[in-house]
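Visitor: Please give me a close look at one part of this: the way helices pack against each other. Fill in the surroundings too, so I can place that part in the whole.

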Amino acid sequence: MKKRRKELAVVVSQEQLADGIYSMWIQAESAPDAVPGQFISMYTMDSGKLLPRPISICEIDKAGAALRVVYRVTGEKTGTEQFSKLSAGDSIPIIGPLGNGFPMEKAAGKKAFLIGGGIGVPPILELSKELECDKKQIVVGYRDAHTFLREEFERNGEVYISTEDGSVGTKGNVLDAIAGHALAADIIYACGPGPMLRAVKEYAGRNNIVCYISLEERMACGIGACLGCVCQTKERDSHSNVHNRRICKDGPVFLSTEVEI
Amino acid sequence: MNMKVNIAGVEWKNPVTVASGTFGSGAEFAEFIDLNRLGAVTTKGVANVPWPGNPTPRVAEVYGGMMNAIGLQNPGIDLFCERDIPFLRQYDTKIIVNVCGKSAEDYCEVAERLADEAVDMLEINISCPNVKEGGIAFGQSPKSAEDITKEVKKYAKQPVIMKLSPNVTDIAEMAKAVEAGGADAVSLINTLTGMKIDIHRRTFALANQTGGVSGPAIHPIAVRMVYQASQAVKVPIIGMGGIASAEDAIEMMLAGASAVSVGTANFHNPAVTMEIIEGIEEYLRQNRMNDVRELVGAVHAGIN
């Protein structure tokens, strides 16, 4: 079997979408293998910053062997700030794609919610492009009027927006947008911050809807070896033999009923 | 050119293994490298029963390294023997099983259980800083380190490597103590206890509050401790602590290590061990040396 490897991807383009939110296209040999919901490990060129930054895949261009990542700069002098300064032609070491994507086949013939919140919005874009279902309802939540990727979502389904400050769409969170528009679904795919995922999991449970959520955690290896990024599970997991699963290797997408968040 | 080393009667094809906890039991890294090329694989610590480990966040980056407080999550010796040992046996590399426990009985139970398994060496972890009971409790006083070594040696059939903590006043005393207890080899250093605080949230970066610091930042400390231990004991030393390149590995061997373990650097590049092995060979060629063992303890005071 051909070995996987850390490779030097090449930046195709970079642009700022909103305050602290950047979009970068990179060309990588491993790109055509990617599916919606997976992530890549991105490394800085600073030898003092050793660990990869796990960044979700926002779009996949299989033919062009390219991936798009949309990410938040987490502060000054951070790895993500370094990424934001790269421009076309620059190199960036990556390992990708990693983890398991959203199980898209489960949506066949169903009414789906594709839910994204904050920096959990980007992976929902490729999902919204590729998902085949009866009714595609994209519900995305933002802090304020910086509703990045909104126009691109509008090409792929019905889009409902929530903002915390009420500047665009429904004031509140994604569940407020769902309630406000009296939407219904029989399958959910969601990615976003912990409190949003907890609320979505609870909503899915209450309404008996199959729900897949994409989790995030601090990672070290990104490939399943170090056990840094575990989440708690309801049942004993067959790999760990305890109530833990690895977000990087067994996830990041999990059935909401199998994880304790 | 000879790359083989002999560690307590076990011949490795080269002096490079991986540090426990950074490599699982090899399955994940087998997607990236050929495990046959490693001198040995050192597994993640395994206890007599499954351990759930600590709450998350379990890892944080620090400049030049990282901190972890995984808390020795492991599947327990039963599943380990059923799954991990047969997996590793497919490869032509030595198997070192890292053993953790909360009491002397725990360690002995695992050592006894492994006695008839196809593993080559045991590494006894008396130095994990991230679990409240056991582990480090045995690794911070010479007397208890000597005692636990004696106990484990009663049950172990394979050579026993005692893994030492750097969180002690005198590393030479600790090395001497486990040697007196019958250790066949020593490995050092485990991680240094550290703490990181998120100044924006004003919280601890790790749920465990403290964690073990590893990576290139700790390399000079590891080199110093390996040198001091090598001056104090006769048993072979497996040196580790921030090794990220062939140069680091060679430095560790010059300080007195007969073999080296690569840990945190595996997270920066899953294929780093292959580069290190090739780099050591290249260094020997360039320096017209025929045997990697010529490096061991070859540092000298020199004339400035």
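Guide: A quick word on terms before we zoom in: helices (H or I, at least four residues) and strands (E, at least two) are DSSP runs, numbered from the N terminus. Keep in mind that the model is predicted, so local features need pLDDT of at least 70 and side-chain atom pairs count only at pLDDT 80 or more, while totals for chains, interfaces and linings use all residues. Residues are numbered from 1 along each chain as its sequence is written, with chains lettered from A and ligands numbered from 1 in the order in which they are written.

Now to the helix packing. Two packed helices are described by the angle between their axes and the distance between the axes. Here the axes are lines fitted to C-alpha atoms, for helices over the stretch in contact, and angles run from 0 to 180 degrees between N-to-C directions.

Take H5 and H6 of chain B, residues 171–180 and 219–232: their axes come within 8 Å and cross at roughly 45°. H5(B) is therefore oblique to H6(B) (under 35 degrees counts as roughly parallel, over 145 as roughly antiparallel, 65 to 115 as roughly perpendicular, and the rest as oblique). The crossing of H5(B) past H6(B) is right-handed (the near helix is turned clockwise from the far one by less than a right angle; anticlockwise would be left-handed). On the H5(B) side, B:Ile171, B:Ala172, B:Ala175 and B:Lys176 make the contact, and H6(B) answers with B:Met225, B:Gln228, B:Ala229, B:Gln231 and B:Ala232 (two residues touch if their C-beta atoms, placed from the backbone, lie within 7 Å). Sort that contact by class and you get 6 nonpolar, 2 polar and 1 charged residues (Ala, Val, Leu, Ile, Met, Phe, Trp, Tyr, Cys and Pro are nonpolar, Asp, Glu, Lys and Arg charged, and the others, Gly among them, polar).

Chain B offers another pair, H2 (residues 104–114) and H4 (residues 142–155), with axes 8 Å apart at an angle of about 30°. H2(B) and H4(B) are therefore roughly parallel, and H2(B) passes H4(B) in a right-handed crossing. H2(B) brings B:Ala104, B:Tyr107, B:Cys108, B:Ala111 and B:Glu112, which meet B:Ile148, B:Glu151, B:Val152 and B:Tyr155 of H4(B). That contact has 7 nonpolar and 2 charged residues, with no polar ones.

Step back to the chain around these pairs. Chain B has 9 helices and 16 strands, and its C-alpha trace spans about 50 × 50 × 40 Å along the principal axes. Its radius of gyration is 18 Å, which agrees with the value near 19 Å for a compact globule of 304 residues (taken over C-alpha atoms; the globule rule is 2.2 Å times the number of residues to the power 0.38). Buried residues make up 61% of chain B (buried is 20 or more other C-beta atoms within 10 Å of the residue's own, exposed is 12 or fewer, partly exposed is in between, with C-beta atoms placed from the backbone). Among chain B contacts with a separation of 6 or more, 72% join residues 24 or more positions apart.

Then there's the neighbour. The contact between the chains takes 35 residues from chain B and 26 residues from chain A. On the chain B side, strand S5 (59–62), strand S6 (65–68) and helix H8 (265–268) each give two or more residues, and that side divides into 17 nonpolar, 14 polar and 4 charged residues.

Chain A has 5 helices and 17 strands. Its radius of gyration is 18 Å, close to the 18 Å from the globule rule for 261 residues, so chain A is as compact as a globular protein of that length. In chain A, 51% of the residues count as buried.

Last, a few backbone spots. Most residues other than glycine have a negative phi, and most peptide bonds are trans. The bond joining A:Gly96 and A:Pro97 is cis, with omega about -20°, and A:Pro97 sits in strand S7 (residues 91–98) of chain A. In chain B, the bond from B:Leu188 to B:Ile189 is cis too, with omega near 10°; B:Ile189 lies in the loop between strands S10 (185–188) and S11 (192–195). A:Asn208 has a positive phi near 55°, in the loop between helix H5 (194–206) and strand S13 (210–214) of chain A. A:Asn208 is exposed, with 8 other C-beta atoms within 10 Å. A:Leu227 has a positive phi of about 65°, but A:Leu227 counts as buried, with 26 C-beta neighbours inside 10 Å.
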